[in-house]
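Reader: Could you take me through the aromatic rings of this structure, taking one part at a time and explaining how each pair is described?

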Amino acid sequence: MSAADNARLKRVFQLELERGCTNQAVIGGLDRMFIQMDEDGLLEIGGALRRMVAELPPGGYRNLDEPARKRWLERTIRALDGIPTIPSPAPPTNVRTLAPNVTPLPQRRTSAQAKASTISPAQQKTSRRTAPPLPPQRERGQGGEGHPSGQQPTANSQQLSLTSPLTKLPGIGPAAVPKFEKLGVTNAGEAAVFYPRRYNDFTDLRPIAQLQPSTTPQTVIATVFSVREMRFGKRVRGAEAMLQDRTGSLKVAWFNMPYVARQLEEGQQVVVSGKVRAFRGRLQMENPEFEPADAELMHTGRLVPVYPATAGLAQRTIRRAVKAAVDALAPQVPDAAPAWLRSEARVAPLGNAVRELHYPESFGHAERARQAIALREFLAIQVAVLMRRAEWQQGRDAPRLDFDRLREPFLASLPWQLTGAQARALDDITRDIRGPHPMLRLLQGDVGSGKTVVAFAAMLAAVASGYQAVLMAPTEILADQHYRSLSKMLGGSALTALDGVFAPEWLRRPLRALLLTGSLTPQQKEQIRSDAAHGGADIVIGTHALLEDDVQIPRLGLAVVDEQHRFGVLQRAKLRQKGDNPHLLVMTATPIPRTLALTVYGDLEVSSITEMPPGRKPIKTEWVQPLDRETAYRNVRRRLDDGEQVYVICPLVEESEALDVRSAEEEFERLRTGPLKDYRLELLHGRMPGRQKDEVMERFASKEAQVLVSTSVIEVGIDVPNATVIIIEGAERFGLSQLHQFRGRVGRSEKQSYCFLFSTGEDPGPDAHERLQAMVETTDGFKLAEVDLEMRGEGEAWGRVQSGANAMLRVARISDRDILLRARDLAAQVLARDPQLQKPEHHQLAAIVKPFLARATEAN
């Protein structure tokens with residue numbers, strides 16, 4: 001062995017001492033390095049290192065405890081320096097015993113023979129799982145925070161508890177704590193349940209010489225020989241690196257990722273994992289994932305967890321800290337499933353699942369562990385929402401509201417027949433409001449599906465039964481729209497019934513409906529509040545100002561809330577105080593998949609209107625490229641010439657050069673003096689005073705204006721049947737749900753309607769491309785909701801349940817319907833035994849559920 005090899009080995013052993021003898025100075029541990037050296041003929045017979053390796057026990061270095069490792073390392077360093085050592089009494093062994101799962105290659109080969117020899121098929125399998133030895137590396141900027149020597153105490157040397165500070169974990173000094181806190185990890189217990197977001201599959205680890213073209217990822221550990229930023233063709237910028245190991249070289253290309261060239265350095269050792277293909281007669285790996293080849297990055301033949309990260313916090317640091325927390329605390333992680341439930345339902349132990357999710361043997365094991373943890377997450381949520389539902393329904397009986405007498409004359413007064421889905425939803429609601437428990441129901445339906453008429457029917461049932469009803473909308477524009485729609489349904493209009501009194505024959509009594517919004521004068525507001533408090537108002541429509549303490553509605557029998565995400569547990573409590581244990585109907589025009597509905601709104605029963613009114617034609621949607629805009633404008637002008645009306649939606653009020661999106665003001669001026677100069681245009685945006693908004697909408701609704709240029713304030717609720725065209729500028733900037741809501745402003749009559757999606761460039765990016773293409777392909781809001789949730793990912797989909805990074809739902813997925821339904825059944829079993837979770841065996845579950853209930857209250 002050369003002097004250079006000797007010096008290199010001494011550095012490895014010295015680093016192992018500095019790191020506390022954790023067997024992490026090289027990838028795969030020292031035993032793996034010894035096996036590889038022996039295969040390459042580097043463990044010379046009679047040499048000092050071979051003598052020291054022979055002293056290791058069966059199983060090798062990894063089977064020594066820490067003091068024995070330290071003694072062996074110190075003696076080996078002295079032996080490499082030529083200092084005589086006293087042999088250890090440990091039983092002799094040979095290199096073959098160090099790793100029983102690895103079949104070593106034949107020994108006693110010289111280096112030249114090792115390089116020249118060929119590898120048999122049987123040996124290829126072994127070699128594929130053998131990591132070449134790497135020189136020691138310190139992680140830049142991570143060496144021993146808080147410890148000048150660079151050494152860190154190991155977790156095993158300290159008593160960890162769930163509440164132990166992060167600094168008790170190895171490698172975590174005071175400077176790293178705020179970075180972990182950004183990720184929602186504030187103590188050792190939270191580190192143990194800080195789950196991976198994915199895994200690097202390093203199970204197919206190969207020398208470069210054994211790579212093959214394949215559609216499955218292959219992994220290489222190699223040294224960066226050269227790296228540079230370059231162009232691939234005329235337009236594509238990227239990075240290219242040449243990697244080398246002892247068996248050969250490999251070109252790696254990253255297309256559209258020039259920044260990679262700044263993240264790699266010549267001489268750096270890296271792990272790259274990706275697909276390999278033949279290009280111009282040689283193999284090339286394209287757009288692989290890569291990480292520095294740290295000692296703690298991986299163990300050959302395993303999946304390596306990749307955690308959510310933040311600036312200045314490397315995966316190596318996270319892995320080391322999390323593994324220490326998991327090893328020490330996995331059995332102590334609070335389990336939402338009580339012992340009797342685990343036994344009866346055959347639920348796997350939580351501690352095992354936590355360990356397996358962090359370091360699974362395979363993707364199958366990882367999924368099994370994830371499902372075991374997801375079941376507990378859903379169980380806690382379902383217990384919470386069912387407790388919340390029980391709390392809403394306990395106490396006094398709710399008002400008994402009868403719709404039977406009104407059903408036939410009310411339906412006969414409508415100019416159309418209810419769809420089957422509307423009729424079924426109405427049946428659900430009228431069955432609930434008969435009592436005795438207060439209704440708690442979510443009514444969801446696509447834009448234009450006819451939710452409002454069903455809600456109005458329930459409100460009229462309250463009035464006919466001697467009670468009051470309120471309808472709360474998120475904006476004044478939407479509240480005004482609801483008031484206009486109700487007025488029309490009652491046979492009048494908002495203008496002809498200035499005092500709010502209507503007298504439809506089929507109701508057999510006069511009815512007074514009032515509108516309470518912020519644009520009214522103080523005197524008008526006071527009059528409406530007085531009328532509501534003293535029986536002078538049967539129906540009150542308004543914004544959430546209706547929940548203010550000075551608004552009294554003593555005979556409130558039913559509250560309808562539009563756009564449910566603005567209305568939560570705290571608002572429900574206020575609402576309950578205003579009436580006689582009223583019923584609650586919550587509406588949304590954003591369809592919600594069943595898994596999300598049962599989780600976010602698990603305390604509400606759900607009715608869905610999945611049909612559109614007959615005669616409605618599907619809206620024709622077109623994604624318009626910049627060069628095709630004039631053709632689209634010609635189509636728009638034809639619609640205007642036929643007497644129809646047009647919306648133009650722009651995403652921003654003020655110009656933003658960074659986003660390259662036209663502001664509403666600029667677009668208004670451009671259209672007024674350009675493509676639509678011969679037509680009457682109005683401008684609407686959220687910064688206008690309420691009265692000015694109302695005036696603009698009135699002119700558009702009365703056809704005084706032909707084109708309404710607006711920001712997203714018209715996203716929901718505006719109903720102008722004569723509007724048949726909507727242009728959405730900068731469509732790639734909007735989410736799929738919002739695009740669908742915009743589109744729902746048209747298609748409200750039997751006329752053919754059109755939606756033009758204008759993008760600002762030819763290539764809006766893959767996510768935007770998928771959104772716009774989905775809009776073109778379907779008008780079904782329920783299908784789009786599923787696509788939207790899949791695209792946004794689990795974290796954002798659960799946004800309404802979660803409160804920051806410490807959310808209860810960490811691993812559960814939208815697709816886990818069966819797990820959720822099982823959890824709901826288990827939750828019902830738990831609450832049947834212990835409705836308030838007061839028994840000792842349910843204390844852990846009660847502690848887990850309590851923060852969720854508290855967050856739900858605080859967030860609303």
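Author: In this predicted model, a good place to begin is Phe 758, which is buried, because its relative accessible area is 0%, and buried means under 20%. Its partner is Tyr 633, and the two form an aromatic pair whose ring centres lie 5.7 Å apart with 85° between the planes, so the pair is edge-to-face, the term for planes over 60 degrees apart. Tyr 633 also counts as buried, because its relative accessibility is 3%. The two residues come from distant parts of the chain, since Tyr 633 belongs to helix α21 (residues 629–641) while Phe 758 belongs to strand β22 (residues 754–758), and 125 residues separate them.

This pair is one of twelve aromatic pairs counted in the model. Another of them joins Phe 232 and Phe 255, whose ring centres are 4.6 Å apart and whose planes meet at 75°, so this pair is edge-to-face. Because Phe 232 lies in strand β2 (residues 214–232) and Phe 255 in strand β4 (residues 248–255), the pair ties together parts that are 23 residues apart in sequence. Phe 255 has 23% relative accessibility and therefore counts as partly exposed.

Ring pairs can also join into a group, as with Phe 13, Tyr 61 and Trp 72, which they link into a cluster. Finally, some rings have a charge placed over them: the charged end of Arg 833 sits over the ring of Trp 340, 3.5 Å from its centre, and Lys 323 lies over the face of Tyr 359, at 5.8 Å from the ring centre.

Notes
Residues numbered from 1 in each chain as written. Predicted model: local features only at pLDDT ≥ 70, side-chain atom pairs only at ≥ 80, totals over all residues. Heavy atoms only, no water. Phe/Tyr/Trp six-rings, centres within 6.5 Å; stacked < 30°, edge-to-face > 60°. Helix = DSSP H or I, 4+ residues; strand = E, 2+ residues; numbered from the N terminus. Buried < 20%, exposed > 50% of the residue type's maximum accessible area, 1.4 Å probe, protein only. Lys NZ or Arg CZ within 6 Å of the ring centre and 35° of its normal.
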